[in-house]
Amino acid sequence: MPHTNLQKLISVPGIGNVRMTKKAGALRLRISVSPRRGVTVTLPRIMPWSAGISFLMSKRQWVEEALRRQELRQRMAVQDGKTASVPDDPAELERMRERARAILVPKLRSAASQYGFSYGRIAIKNNVSNWGSCSTRGNINLNMRLILLPEHLQDYVILHELCHLRHPDHGPQFHALLDSLLGGQEAVLSRELRGWRII
Ligand SMILES: [Zn+2]
């Protein structure tokens, strides 16, 4: 069975539970810290567990800081009351993604035809780094959490990404185009969107 992954759960004082995973395709040791999945160490299949553990120990300070930063961000978000997060349960997560696809794709499609944009493909993502993005090939990614936002902010993010099809940067021409499509409301909407946190 060449593709099975091996897993091991260890507990490290100061860090908590750490999932160790031996992955068939992994070329090097890797640590990831995620608010939903916690701390994971990925090892190449042939490496002994002890190598993963000593790697983790050598990066311990970084891991502790990353965990603290994430906790702080979540706490701030909860205080603000405007948070966009996804369910932990994988089945529920997939249901939410399908709901997001059903809502966001038609919105993007109709905004594109209304303003004469043509794009590549649309993907609905589960990421915490942005609400949306547009690649140089004209493919648009939208964060599934957008459906938790008021509808005018969903439309705002979609128009923002569509404008990147003409201007890939955030330069003056980009903002002029976006602002004109929004009837001069770009600054107001962008401020409102910044009040929301992705967690
Ligand atoms: Zn942008």
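Two residues count as being in contact if their C-beta atoms, placed from the backbone, lie within 7 Å. By that rule, and leaving aside neighbours within four places in sequence, Leu104 is in contact with Ile124, Leu142, Leu146, Ile147 and Gln154. The model is predicted, and local features need pLDDT of at least 70, side-chain atom pairs count only at pLDDT 80 or more, and totals for chains, interfaces and linings use all residues. Residues are numbered from 1 along each chain as its sequence is written.

Leu104 turns up again in the largest nonpolar core (buried Ala, Val, Leu, Ile, Met, Phe, Trp, Tyr and Cys residues joined through C-beta atoms within 7 Å; buried here is 20 or more other C-beta atoms within 10 Å of a residue's own, with C-beta atoms placed from the backbone). This core has 18 residues, and Leu104, Leu146 and Leu159 touch the most other members. At least two residues each come from α3 (90-115), β8 (140-143), α4 (151-164) and α5 (172-181); helices (H or I, at least four residues) and strands (E, at least two) are DSSP runs, numbered from the N terminus. The top contributor is α4, with six residues. A second, separate core of five residues includes Val18, Val39, Val41 and Val63.

How do α4 and α5 sit together? They pack at an angle of about 140°, with axes 10 Å apart; axes are lines fitted to C-alpha atoms, for helices over the stretch in contact, and angles run from 0 to 180 degrees between N-to-C directions. On the α4 side, the contact is made by Leu159, His160 and Cys163, and on the α5 side by Phe174, Leu177, Leu178 and Leu181.

Technical notes:
A residue is buried if 20 or more other C-beta atoms lie within 10 Å of its own, exposed if 12 or fewer, and partly exposed in between; C-beta atoms are placed from the backbone.
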